[in-house]
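This report looks at how aromatic side chains are arranged relative to one another and to nearby charged groups. Please keep the sequence and the structure at hand while reading.

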Amino acid sequence: MQHFSINPLEMISSIWRNRYLIKATTKREIQSRYKGSTIGIFWSILTPLFMLTVYTFVFSEVFKARWHGGTSSKGEFALLLFAGLIVFNIFSECLNKSPMIIMNNVNYVKKVVYPLEILPVVNILSTLFNALVSMIVWFMAYLLFYGMPHLTVLYYPLVIIPLIMITLGLSWFITSLGVYLRDVGQFIGLFTTALMFMSPVFYSADILPDNFKAMMYLNPLTAVIEQARNVLYWGLTPDVRVLVTYWIVAFIVAWLGFAWFQKTRKGFADVL
């Protein structure tokens, strides 16, 4: 029986070793998403713009939501909301697709030489493409409303990469689990829907009472959403202590997810 290494170095080397295959598969995945569409890739711009408009109207006009400081600026509310949505969408889109990754690629399972561990990587890269488009829209809106952004935007990769690692680790875990438990997809859909309102996407964590704020920071998205807003909009440098902790936890989660996938992948062919 073939042995699959769970060494954390194998997690990194596998991605590097299969980088060209990952690149080609990701490109095909992105193209297939808009295949046959009249406006094609422009949907990746229209969709976040439409959702941003709806959310901004509902929360700023209907519910009269305000950020800390009580700002009445619709432009500020929209940009702060959008910065949080980009982070949340990376996480939720990847997790919602994860349970069906192997099921949608059954032909690869029969091929012993195919590196199945790269499929969640392709999933997250195709999601990051949408996030990149959304970030371009965000910067264009910021330039329109306020001019040049703060130099602290250069810290954004340091904030977002740990989120990518955590998401990838959870994707490896859920992808494998989805092969054995077909109800996982339903649970993940409910989980991400609840998580959207339990994360500081539509509001600032600062407005919560201290006892709820402590619980809020148990949510893995809270720190990255707050730090992302700080570097993108408020012009603040990231909290080094929070960032270092987040990087360490992110690597551990990524490795545990990879190890679980490697340990359980031997049974994929039997179940399918």
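The text below takes up the aromatic pairs, then a cluster, and then charges that sit over rings. The model is a predicted one, and every value quoted here was computed from it.

A pair of aromatic rings is described by the distance between the centres and the angle between the planes. The count for this model comes to 14 aromatic pairs, among them the stacked pair formed by Trp138 and Tyr142. These two residues both belong to helix α6 (residues 119-146), where they are four residues apart, or about one turn of the helix, and both are buried. Phe187 and Phe191 form another aromatic pair that is stacked, and they are separated by about one helical turn because they lie four residues apart in helix α8 (residues 184-198). Phe187 has a relative accessibility of 54% and therefore counts as exposed, whereas Phe191, with a relative accessible area of 35%, is partly exposed.

| Stacked pair | Centre to centre | Angle between planes |
|---|---|---|
| Trp138 and Tyr142 | 5.3 Å | 20° |
| Phe187 and Phe191 | 6.3 Å | 15° |

Trp138 and Tyr142 also belong to one aromatic cluster, which they form together with Phe139, Phe145, Tyr146, Tyr233 and Trp234.

Charged side chains also meet aromatic rings in this model, as two arginines show. The charged end of Arg19 sits over the ring of Trp16, at 3.8 Å from the ring centre, and the charged end of Arg265 sits over the ring of Phe4, at 3.9 Å from the centre of that ring.

Note on methods:
Residues are numbered from 1 along each chain as its sequence is written. This is a predicted model: local features need pLDDT of at least 70, side-chain atom pairs count only at pLDDT 80 or more; totals for chains, interfaces and linings use all residues. Side-chain values use heavy atoms; hydrogens and water are left out. Rings of Phe, Tyr and Trp (its six-membered ring) pair if their centres lie within 6.5 Å; planes under 30 degrees apart count as stacked, over 60 as edge-to-face and the rest as tilted. Buried means under 20% relative accessible area, exposed over 50%, partly exposed in between (1.4 Å probe, protein chains only). A charge sits over a ring if NZ of Lys or CZ of Arg is within 6 Å of the ring centre and within 35 degrees of the ring normal.
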